[in-house]
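Thank you for having me this morning. I would like to walk you through the aromatic residues of one chain, so please have the sequence and the model in view as I speak.

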Amino acid sequence: ARSGLGWYGKHTCVIVPGHGSWVMLGEILLDVDIEATSSIDKNCGRCSICIDRCPTGAIVGPYVLDTPRCLSFQTIEQRGPIPVPLRAHLGDWVFGCDVCQDVCPYTGAAAEVIDGDFAPRTIENAFPALQWLLSMPEEAFRSTYRGTAVLRTKRRGLARNAAVALGNDRSDVASDALANALVDHDEPLVRGHAAWGLAEIGGGTNRRKLLQSLSVEADEYVVSEIQDALNRL
């Protein structure tokens, strides 16, 4: 922003004239002096669409982001449990959230640019099955997402996110996948979120599955998630 490439929008992303905030920023290191450019004297005016549409209210004011409430932080950078009050807001998202950019008028008015380097390798990469994300082994995770930013969330983080998304889905298929994860998944973080998902779906069968798991679960964190889930039921 100080270099004049763009200006900070109220969603705290840099808006580039003609492109909006959907840009990949890079840098070039030079050993020559070049003339400095000034910053762009622009702002978002009275527009507050990004603030109004943020799923969790993470944009607490113009140009101010409460990072822990941002779903991009929670689904990518968060290494521990996703706070319970935020889980329902994930919907079926498992990696990031771009609502504030999607609704920005500057981004909406920008010309579409097709760049093969940013295209998904397959349709499954763009829209992965939640059940597969929940149960995928480490090698499958690394081979599928090698060379992409998805590796930042790590396998257990992506599976955790899938457990939350399946809970929000509330289908019979989601219930079966979560029940299997609660029993078989090697990561306590994922088993804990599977318990939350089963409670979100509800029903007597899921209550029995939670009670059965409670009797054999040894991890304290997972036990607390199961107890919380049973209390909600």
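Before we begin, one term: a residue is called buried when its relative accessible area is under 20%, exposed when that area is over 50%, and partly exposed in between. Please also keep in mind that this is a predicted model.

With that cut-off, Trp-7 counts as buried, because its relative accessibility is 4%. Which residue does Trp-7 pair with? Its partner is Tyr-106, and since the ring centres lie 5.0 Å apart with the planes at 85 degrees, the pair is edge-to-face. This contact links distant parts of the chain, for Trp-7 belongs to strand E1, residues 7-8, while Tyr-106 belongs to helix H5, residues 105-109, and the two are 99 residues apart. Tyr-106 itself, at 36% relative accessibility, counts as partly exposed.

A search of the whole structure finds two aromatic pairs, so let me turn to the other, Phe-141 with Tyr-145, which is tilted, with 5.7 Å from centre to centre and 55 degrees between the planes. Here both residues sit in helix H8, residues 138-145, four residues apart, or about one turn of the helix. Phe-141 counts as buried at 1% relative accessibility, and Tyr-145 counts as buried at 4%.

Finally, let us look at the surface, where Tyr-8, Val-60, Tyr-63 and Val-64 form a nonpolar patch with about 390 Å² of accessible area together. Within that patch, Tyr-63 is placed in the loop between strand E3 (59-61) and strand E4 (64-65), and at 39% relative accessibility Tyr-63 counts as partly exposed.

Conventions
Residues numbered from 1 in each chain as written. Predicted model: local features only at pLDDT ≥ 70, side-chain atom pairs only at ≥ 80, totals over all residues. Heavy atoms only, no water. Patch = residues over 30% accessible without salt bridge, like charges linked within 9 Å, V, L, I, M, F, W, Y side chains within 5 Å. Areas by Shrake-Rupley, 256 points an atom, 1.4 Å probe, with all protein chains shown as cover. Salt bridge = Lys/Arg side-chain N within 4 Å of Asp/Glu carboxyl O. Buried < 20%, exposed > 50% of the residue type's maximum accessible area, 1.4 Å probe, protein only. Phe/Tyr/Trp six-rings, centres within 6.5 Å; stacked < 30°, edge-to-face > 60°.
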